[in-house]
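Colleague: Can you walk me through the terms people use for a model like this? I'd like to see what each one rests on.

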Amino acid sequence: MTINKTKNGGALTIAPAGRLDTLTAPELEKELQTSLPGVTELTFDLSALEYISSAGLRVLLSAQKAMNARGKMIVRGVNETVMEIFEVTGFADILTIE
Amino acid sequence: MTNERNAVCTIPLSGRVDSANAAAVERDIAEKRAGHTGPVVLDAADLTYISSAGLRVILRLKKTCPDLAVVNVSPDVYDIFDVTGFTEMMRVERAYRTVSVEGCEVIGEGYNGKVYRIDRDTVIKTYKNAEAPDDIRRERELAKLALVLGVPTAISYDVVRVGDGYGSVFELLDARSFSDILAKEPEKMDLCVAEYVAILKKLHAIHAPAGKLPSIRQKTLSAVARTAAHLPEELGRKLMKMAEAIPESDCLVHGDCHTKNVMWAGGETLLIDMDTLSVGHPVFEFLHMYNAYRGYSEYDPGEILRFQGYDQATADRFWHKTLVAYFGTNDEAKINAVEDKIRCLSYAYLYDWKCLFPSGDARRDEAERGLWFSRLLPLLERVDTLTFDVPVPERADELTVAAKEECLPEVTDFIGERLQKAGCPPKTVMQIDLAVEEVFVNIAHYAYAPGTGDVTVRALCAPDEKTLTLTFIDGGRPYDPLSKADPDVTLTADEREIGGLGIFLTKKVMDGVGYAFENGHNILTLQKKW
């Protein structure tokens, strides 16, 4: 997995590419811990994300909880496979997916 | 109940045995045992109490009879044996539950006795011989081993008394033997062949762990050697040389895999009668299959109908179609060549069988042995090897890794490779990856914590059936991940707890998940079709 990020004032876009699984999720978690302070609008661009497991969902849920307290979080570019995972787990309802 | 000198000598004990009658009981035992050198079994079915004087009688008997066992012990008397340490010194068996089979449907008849259906889910296989409880226990161990290795089978869960014999209790969900299907619905022949060959290949593709199962090669070679000694010298030598050239193999073989031992149960094929489970080259499996379908009935044409319930023409067609499907060829010359090899071993085995177990009718036995000889001799002239390449496409692949997160890619690659070869579509590969990750990581985190241990992953990929069956086996603490309640996926982000989605996702993306705890191992199976 690689993580691309762009920051524009209080807006942060994070674009993880590849596989977000047990082994890579901690990287994303760490990235968020460093970058999230001061962010009011977080966007996950998942257009290059091929795979997500419960470890990845965990990170997304923590981020959503964090952003609920201080701004908003948007998820976009979700492919069909990842969307199915969001749907069966109810994440399709708790995330704001564009 | 005593028969020959070396047979088991069963002596009943009844009522109270205490200081008042211990000497008389001891004399009685000595009288009943006179002339026997074999093991002694004390039948305590009617024994209500035993005092230390009685125990001393048993202790003295044990000195002259190391094989002594006490059976049918009531719970109260068992306590006495237990407290005094007798259960450590000798085999002391509790009394068995008694089950009546009167009026129950007979659903099969085997070598040992009839099989009754007690109710919809339960069958009892009856045994007449006194050693039955040992046989049943042995078969149960073999069936457990088979199940752990991935062979669908039924496992006996209780030993009971049935009349003056024993019974082994099985749960069997609405199952029918392939013999019954072939007899009543011959139009299902091709379906039966396909299922039969699939389970044979599955069985033969399994590596059996070393030292757990007898070698069918060794057993057969002994029989072949005895037969070879009766053959013209040169042919005898040739037979022996060819038989010895059959390599040792760790393939799992059933050893008696005919259609009465193959059951169709609710969409799944099961193998039963695991008492002959062995390791060895599949040619030995075919030896016994040939005998069941053709060998025995070559001497006695009525045998096939009596034993399998269908006629010889059906048996011949089923056997031939099985060879065609198993060896994956329609080439009659190839099929005949394989069959010749199998028949060499079959006739050598049948000849030996008749020598070991004569019917008592000398003329009949002579004629039967003569037939096996006359069949074997021309085959030995034209056959030059008894081995064939086992067309098992792939072995049941297995990988053992440390139960650690960092081994996940190794597991994913191991399974991915097989899925790619099998032509599994990418989306399904992704779903399988997901399930594998969730299950493996779960084991890595919890099974051995805070210690460490291994996980064995078995992948059985059936490209023709577009099915993957995965088995995860660990020796960690017993834990059924499937027992955990599914998370509520309708809650809002703030209401939801972090985590707890892994096994839920696994259940969602796979077609079947199952859990068992067997022999100290957690066994999780996953199945996916595409």
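Modeller: Sure: two strands pair if DSSP finds at least two bridges between them, and strands are DSSP runs of E, at least two residues, numbered from the N terminus, while helices are H or I runs of at least four. This is a predicted model, where local features need pLDDT of at least 70, side-chain atom pairs count only at pLDDT 80 or more, and totals for chains, interfaces and linings use all residues. Residues are numbered from 1 along each chain as its sequence is written, with chains lettered from A and ligands numbered from 1 in the order in which they are written.

Colleague: What makes β1(B) and β2(B) a pair?

Modeller: DSSP needs at least two bridges, and these strands have eight, in the parallel sense. One of the partners in β2(B) is B:L42, bridged to B:I11.

Colleague: Why are β1 and β4 of chain B called edge strands?

Modeller: The open sheet runs β1-β2-β3-β4 in chain B, and β1 (9–17) and β4 (91–94) each pair on one side only.

Colleague: What makes a set of residues a nonpolar core?

Modeller: Its members are buried Ala, Val, Leu, Ile, Met, Phe, Trp, Tyr or Cys joined through C-beta atoms within 7 Å. Buried means 20 or more other C-beta atoms within 10 Å of the residue's own, exposed 12 or fewer, partly exposed in between, with C-beta atoms placed from the backbone. The largest such core has 98 residues, and B:L345 is among those touching the most other members. A second, separate core of 62 residues includes A:I14 and B:C424.
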